[in-house]
Amino acid sequence: MVAVELIVFLFAVSVNILSSYHPASVTVTAGGREDTLTAYGNQVFVNRKAMERYENSISGFSLRWDSKVRSYAGSLEVMAEDGELVLVNEVTEGDYLASVVGAEMVPGAKIPALAAQAVLCRTFMETASRHQNEAWDFCDLTHCQSYKGLETTTSATSQAVNETEGLYLMYNGELCEVYYHSTSGGKTADASSIWPDMNHPYLISVPDPYCKASPHCRWEYVVSAEELAQALGFPNVKDLRVVEYATDGRAEFIAIKVNEEGLLMGGWEFRMEVCQALGWNTLRSSWFEVERDAGSFLFKGKGLGHGVGLSQWGAKGMADEGKTFTEILAHYFPGAEVKKW
Ligand SMILES: [Zn+2]
């Protein structure tokens with residue numbers, strides 16, 4: 001008998017979890033044991049005992065804080081900083097992706113749409129490094145990719161990750177810069193009409209008849225001139241017009257009349273400023289027309305998000321029509337290929 005020893009190398013990533021909550025105290029349940037962690041200054045108190053840091057290498061744990069509960073795969077390390085706990089989850093790439101795909105993709109999407117999303121999330125992991133000076137690879141917010149542990153992991157998201165194992169989106173032998181958004185509204189955006197310096201040949205506008213079932217395909221938003229002026233930091237907004245549209249339909253330049261002066265603003269910049277001040281459900285995209293109605297402005301728009309790359313509702317629609325994940329990605333990223341890397 002020959003004993004065969006299999007050594008499995010698991011690629012692990014570290015994620016700063018609960019990063020929007022900044023809890024001062026959490027209860028950790030792992031392997032039948034419960035520990036209460038509290039931050040005082042830069043020290044972690046574990047069941048009232050001061051420690052430099054808390055480590056739990058048991059795979060799988062639950063966190064309870066502010067009457068919320070969340071469970072995770074992988075191990076946990078906790079430090080304290082200025083009276084707040086800093087939690088880092090070390091997790092395999094597969095478990096991380098199965099959660100991220102569920103958090104990012106439209107609910108109810110079939111396997112091919114989830115698999116397309118999995119290839120993009122995996123490619124993003126290799127190309128994005130937004131936390132180089134920190135003790136983790138990713139945060140758990142959309143700044144990197146939304147990650148909520150086991151809350152968004154399903155057998156379907158795990159299947160999508162397994163079926164696409166080792167596959168990336170590539171162009172000319174290099175990993176692509178990947179983008180995705182909720183709903184294009186009928187055609188995707190040219191990356192250059194949103195971000196003028198970006199001109200990847202695979203980030204161009206393509207027709208998107210597949211996103212019709214999205215509730216964000218068409219939208220309207222009314223805002224008073226006063227509220228709009230406040231959002232933009234102007235004393236008033238006397239008039240507002242889109243003066244130039246890009247070929248993908250997005251508003252490229254907007255002329256705003258403040259007092260007697262005319263100002264020009266980029267369409268995307270305008271959308272971002274309005275959303276940052278008034279919420280992300282206001283101007284859902286930069287694909288809109290505007291009408292003036294007495295003291296307010298009526299925006300009639302299409303789609304949700306920047307519109308660049310994969311349309312998630314479109315991917316769901318294509319999967320519902322029986323398309324494969326490679327067909328979905330080939331449609332939204334013309335010329336790019338799904339490959340081992
Ligand atoms: Zn981040």
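**Notebook: domains, a strand trio and two cores**

I started with the domain assignment, which gives domain 1 (13-91), domain 2 (94-212 + 307-340) and domain 3 (218-302). A reminder to myself: this is a predicted model.

**Entry 1: domain 1 against domain 2**

I looked up the spacing first, and the centres of domain 1 and domain 2, taken over C-alpha atoms, are 30 Å apart. Then I checked who takes part in the contact: 14 residues come from domain 1 and 15 residues from domain 2.

Which elements give two or more residues to the side of domain 1 that touches domain 2? I found β1 (12-17), β8 (68-72) and β10 (84-92). Of these, β1 gives the most, with five residues. I also sorted that side of domain 1 by class, and my tally reads seven nonpolar, six polar and one charged residues.

**Entry 2: strands around β20**

Next I turned to β20 (residues 296-302) and its pairing with β15 (residues 218-224). The two strands run antiparallel and are joined by seven bridges. For a handy landmark in this pair, I noted that Arg218 stands opposite Lys302 in β20.

I then followed β20 to β19 (residues 288-293), where six bridges join the strands, again antiparallel. Here my landmark is Arg292, which stands opposite Phe297 in β20.

What lies between the strands in the hairpin of β19 and β20? I counted two residues there, and Ala294 takes a positive phi near 50°.

**Entry 3: the nonpolar cores**

How many residues does the largest nonpolar core have? The answer is 71, and I wrote down those with the most contacts inside it: Val101, Ala116, Val119, Leu169 and Leu329. I asked where the largest share of this core comes from, and it is helix α2 (residues 111-127), with 10 residues. I was pleased to see a link back to my first entry, as this core draws at least three residues from each of domain 1 (13-91) and domain 2 (94-212 + 307-340).

I picked Leu169 for a closer look. Leaving out residues up to four places away in sequence, Leu169 touches Val119, Leu120 and Thr123, then Cys176 and Val178, and finally Leu329, Phe333, Ala336 and Val338. Two of these names, Val119 and Leu329, were already on my list of residues with the most contacts inside the core.

Last, I looked beyond the largest core and found a second, separate one of 14 residues. It includes Val223, Ile256, Leu283 and Phe288. Two of them tie in with my strand notes: Val223 falls in β15 (residues 218-224), and Phe288 in β19 (residues 288-293).

Definitions and conventions. Residues numbered from 1 in each chain as written. Predicted model: local features only at pLDDT ≥ 70, side-chain atom pairs only at ≥ 80, totals over all residues. Domains from an automatic or database assignment. Contact = placed C-beta atoms within 7 Å. Helix = DSSP H or I, 4+ residues; strand = E, 2+ residues; numbered from the N terminus. Nonpolar A, V, L, I, M, F, W, Y, C, P; charged D, E, K, R; others polar. Pairing = 2+ DSSP bridges. Core = buried A, V, L, I, M, F, W, Y, C linked by C-beta atoms within 7 Å. Buried ≥ 20, exposed ≤ 12 C-beta atoms within 10 Å, placed from the backbone.
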